[in-house]
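Biologist: Please take one part of this model and walk me through it closely. I would like a single helix, its packing partner and one residue at the centre of your account.

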Amino acid sequence: MKSPPMYICLCNSYTDKDIAFAVSEGGARCADSAYKVLGSDFNCGSCRDCAQCVVDDTLEGQPLQHSTGPDILPAPVLMAAE
Ligand code: FES
């Protein structure tokens, strides 16, 4: 079953799926490069550790880890794909 995205970065409205996309499709290998691929940088930085966990899990081929959350479209990914 496909899980809905979970917000990782509230400053940039990035979800775990946005960050995983930056790794799998954009070649990012760390949280900093993932944010650059998505078109921004850290602002407050409170999401850095969680974003890095998503990067690490994606690089290891592990499924994203969460079970609840709103079923929304990840706007930054849609904008990057256009
Ligand atoms: S929550 Fe990600 S930079 Fe602030």
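Modeller: What follows goes from the whole chain to one helix pair, and then to one residue.

This is a predicted model. Confidence comes first. The mean pLDDT is 84, and 74% of the residues reach 70 or more. Two stretches fall below 50. One is residues 67-73, which still has 8 contacts in the model beyond near neighbours in sequence. The other is residues 77-82, with 6 such contacts.

Now the layout. The protein has 4 helices and 2 strands. From the N terminus, the order is β-β-α-α-α-α. Of the 82 residues, 32% are buried. Among contacts with a separation of 6 or more, 63% join residues 24 or more positions apart.

The part to look at is helix H1, residues 16-24. Of its 9 residues, 8 are buried, so H1 is largely enclosed by the rest of the structure. The buried ones are Asp-16, Lys-17, Asp-18, Ile-19, Ala-20, Phe-21, Ala-22 and Val-23. That list takes in charged side chains, Asp-16, Lys-17 and Asp-18 among them.

Next, the partner. Two packed helices are described by the angle between their axes and the distance between the axes. For H1 and H3 (residues 48-59), the axes come within 9 Å and cross at roughly 50 degrees. An angle between 35 and 65 degrees is neither roughly parallel nor roughly perpendicular, so H1 and H3 are oblique to each other. The crossing is right-handed. On the H1 side, the contact is made by Asp-16, Ile-19, Ala-20, Val-23 and Ser-24. On the H3 side, Ala-51, Val-54, Val-55, Thr-58 and Leu-59 take part. By type, the contact residues split into 7 nonpolar, 2 polar and 1 charged.

Finally, the residue. Ile-19 sits in helix H1 and belongs to the contact with H3. Why is Ile-19 classed as buried? The cut-off is 20 or more other C-beta atoms within 10 Å. Ile-19 has 33, so it counts as buried.

Its contacts reach well along the chain. Leaving aside neighbours within four places in sequence, Ile-19 touches Ile-8, Tyr-14, Ala-34, Ala-51, Val-54 and Val-55. Of these, Ala-51, Val-54 and Val-55 are also listed on the H3 side of the helix contact. Thr-58, another H3 residue in that contact, is 39 residues from Ile-19 in sequence. In space, the two C-alpha atoms are 8.8 Å apart.

Note on methods
Residues numbered from 1 in each chain as written. Predicted model: local features only at pLDDT ≥ 70, side-chain atom pairs only at ≥ 80, totals over all residues. Axes fitted to C-alpha atoms, helices over the stretch in contact; angles between N-to-C directions. Parallel < 35°, antiparallel > 145°, perpendicular 65-115°, else oblique. Left-handed = near helix turned anticlockwise from the far one by under 90°. Contact = placed C-beta atoms within 7 Å. Buried ≥ 20, exposed ≤ 12 C-beta atoms within 10 Å, placed from the backbone. pLDDT = per-residue confidence, 0-100.
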